[in-house]
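Let's take a walk through a protein together, starting from the middle and working outward. Have a look at the model below, turn it around a few times, and then read on.

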Amino acid sequence: MPQGTALDSNGRRGLSMEPGAYVEVKHYTDPHIWYEARVRDAVDGFCAITMSCKETEIDDIVEFSKVRLPPKKNSQEEFTWVPVHDEHVEVLRQPTEFQPLSWAVARVRMVRGTFWYVTPVCFHRQQDCIVRRDQIRPASTVPTLDKVAICREAVHVSRSLSGWVGSEDALGCVRQVRLKAALLNAWVDTRDGDKVIAVVGDAKAVETGRKLLQEVHLKLQEEVQRCQQRILNLEEQILACEENARNTTVDVLVAEELIGHVIGKQGRNLKHVEDIHDVKIEVLSRRPANASMKRTLRIVGQSAEGMEAARKSIDFVQEFIKLREEETRWIMGPDGFQSAQEIAKKAQVSFCRFNPETKVIELVGAREDVQLAISLIKDQLDYMPLYEQMGKEQRLLQKRFEVLDMADEMDRRAKGGRKGSGKRKPVNHGLGKSGGRGVGQYDNVEDEEVANRTAGRNQVWKDGGGGGGGR
């Protein structure tokens with residue numbers, strides 16, 4: 001490396017440095033060959049460059065006198081230029097594994113249609129070659145960098161942007177400044193501790209780059225940072241307000257058709273809930289966007305316990321219980337809708353109705369109350385087989401007592417009509433009336449056999465087989 005330069009070994013002066021503008025570097029021994037390279041840094045008459053080969057990259061430091069800018073592309077002169085015989089041109093040479101892309105001076109020998117026959121001009125004379133129009137250009141007249149006033153300037157970054165300056169957004173801004181100002185390079189320099197943006201180029205490009213940074217990007221970015229900070233502060237305030245609002249309000253969604261049950265006649269139900277739980281309840285006119293068939297009831301209170309209790313009281317639901325034919329007789333009872341009504345009253349549901357055609361019980365009320373009513377009704381249905389069996393046994397016992405009563409009556413008549421102590425009282429275990437069946441009315445063969453056996457014993461006794469009744 002040349003002595004006395006401020007460049008490091010590979011020309012990297014910052015963690016965020018990347019290759020800058022394209023330049024052309026003269027061959028070490030042949031002045032007719034110029035390699036394509038990119039600038040990393042330039043100071044004190046030396047330029048840190050990077051050249052790209054097919055397989056690798058080459059970093060080097062060269063003097064300004066061996067570096068030039070490439071000719072401007074798409075100029076009018078280049079567009080209308082047509083090489084002629086014996087004219088000096090520059091021919092494109094593609095990169096190899098260990099040599100970068102380059103331009104070599106050559107002389108036009110012959111023109112055939114859209115092809116040019118050229119002879120390379122170099123110390124190591126090469127064979128003539130045939131090239132197309134896009135592979136040649138006019139011989140460059142761009143001066144080397146030692147003929148141009150190259151300078152570097154550091155643009156200081158305020159502390160408020162210290163977090164931003166190392167971001168991808170900042171790198172994009174620096175890259176845009178380099179292209180717009182035609183700088184050799186621009187990068188965020190963090191080597192000396194302070195964060196600055198270094199710009200390198202000719203005096204005009206450096207001045208343009210500095211103004212773009214100071215008057216546009218950094219200035220606007222500071223405003224963006226202040227705005228973002230204000231937004232963050234406002235978001236924190238909003239979150240705090242929302243948290244307070246969540247602590248003092250609760251929204252409950254109720255189906256449209258149940259709002260009347262929730263409010264109650266003349267608003268008595270809502271008024272009762274407000275009074276006992278010390279809250280205020282409002283039915284919002286605006287329907288939820290994702291639940292157009294529901295209404296929102298907003299509860300406002302001071303205690304979480306009171307609002308939760310109020311929420312449970314107005315969280316109305318509607319449930320239906322389908323009954324079978326035998327379940328209908330059991331639930332309805334002898335007096336109509338007696339059992340279901342008692343259950344609904346115990347569960348404190350708001351509305352209970354039975355449809356005899358569909359055999360469906362409709363329940364409307366607070367969610368927990370309706371669930372309790374459903375549980376009670378299902379429990380009642382679970383006892384139906386047991387009660388049916390107990391009723392059957394009761395009827396059988398009653399029939400047996402009736403048969404015994406008939407036998408006693410016949411015995412009294414055989415003794416001369418002496419009256420006995422009366423009929424036996426029917427057995428009743430609290431399961432309902434006996435049904436009033438007479439003699440010969442039996443549910444099954446077993447009942448009839450019991451009655452016949454009892455009647456037979458009494459008949460034998462009456463005919464004299466029972467002792468001194470005939471004396």
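Before we begin, one term: two residues are in contact when they have heavy atoms within 4.5 Å of each other. What you see is a predicted model, where local features need pLDDT of at least 70 and side-chain atom pairs count only at pLDDT 80 or more, while totals for chains, interfaces and linings use all residues. Residues are numbered from 1 along each chain as its sequence is written, and side-chain values use heavy atoms, with hydrogens and water left out.

Start with the overall picture. The protein has 471 residues, and 34% of them count as buried (buried means under 20% relative accessible area, exposed means over 50%, and partly exposed is in between, with a 1.4 Å probe and protein chains only). It holds 11 helices and 19 strands; these are DSSP runs numbered from the N terminus, with helices being H or I of at least four residues and strands being E of at least two. Take the contacts between residues at least 6 apart in sequence: 59% of them join residues at least 24 apart. The protein exposes about 29,200 Å², and carbon and sulfur atoms supply 51% of that (the areas come from the Shrake-Rupley method with a 1.4 Å probe, and for residues only the protein chains shown count as cover).

Now let's go inside. In soluble globular proteins, nonpolar side chains tend to be buried together. A nonpolar core here is a set of buried Ala, Val, Leu, Ile, Met, Phe, Trp, Tyr and Cys residues joined through side-chain atoms within 4.5 Å. The largest one has 21 residues, and Val23, Cys47, Ile49 and Leu184 touch the most other members. Two or more residues come from each of strand 1 (22–26), strand 2 (33–43), strand 3 (46–52) and strand 13 (196–202), with strand 2 giving the largest share, 5 residues. Where does this core lie relative to domain 1 and domain 2? It lies between them, because domain 1 (17–148) and domain 2 (150–247) both give residues to it; the domain bounds come from an automatic or database domain assignment.

Zoom in on Ile49 for a moment. Leaving aside neighbours within four places in sequence, Ile49 is in contact with Val23, Val25, Ala37, Arg38, Arg40, Ile58, Asp59, Asp60 and Val62. There is also a second, separate core of 20 residues, which includes Val157, Val165, Val174 and Ala205.

Two of the names on Ile49's list, Arg40 and Asp59, bring us to charges. Side chains of opposite charge can pair when their charged atoms come close. A salt bridge is counted when a side-chain nitrogen of Lys or Arg is within 4 Å of a carboxyl oxygen of Asp or Glu, and the structure holds 25 of them. Asp59 and Arg40 form one, at 3.9 Å from N to O. This pair links distant parts of the chain, with Asp59 in strand 4 (residues 57–63) and Arg40 in strand 2, 19 residues apart. Arg40 counts as buried, at 3% relative accessibility, whereas Asp59 is partly exposed at 33%.

Glu90 and Arg137 make another salt bridge, at 2.7 Å from N to O. Glu90 sits in strand 6 (residues 88–93) and Arg137 in strand 10 (residues 136–138), so the pair ties together parts that are 47 residues apart in sequence. Are the two partners buried or exposed? Glu90 is buried, with a relative accessible area of 2%, and Arg137 is buried as well, at 9%. A third example is Arg353 with Glu362, at 2.6 Å from N to O. Here Arg353 is partly exposed at 47%, while Glu362 is buried at 10%. Some bridges share partners, and in this way Glu24, Arg68, Glu90 and Arg137 are joined into one network.

Further along the chain, Ile281 lies in strand 15 (residues 279–283) and is buried, with a relative accessible area of 12%. Beyond its neighbours within four places in sequence, Ile281 is in contact with Leu270, Val273, Glu274, Leu297, Arg298, Ile299 and Ile314.

Last stop: the backbone. Most residues other than glycine have a negative phi, and most peptide bonds are trans. Ala182 has a positive phi of about 60° although it is not a glycine. You'll find Ala182 in the loop between helix 2 (168–181) and strand 12 (185–189), where it is exposed at 56%.
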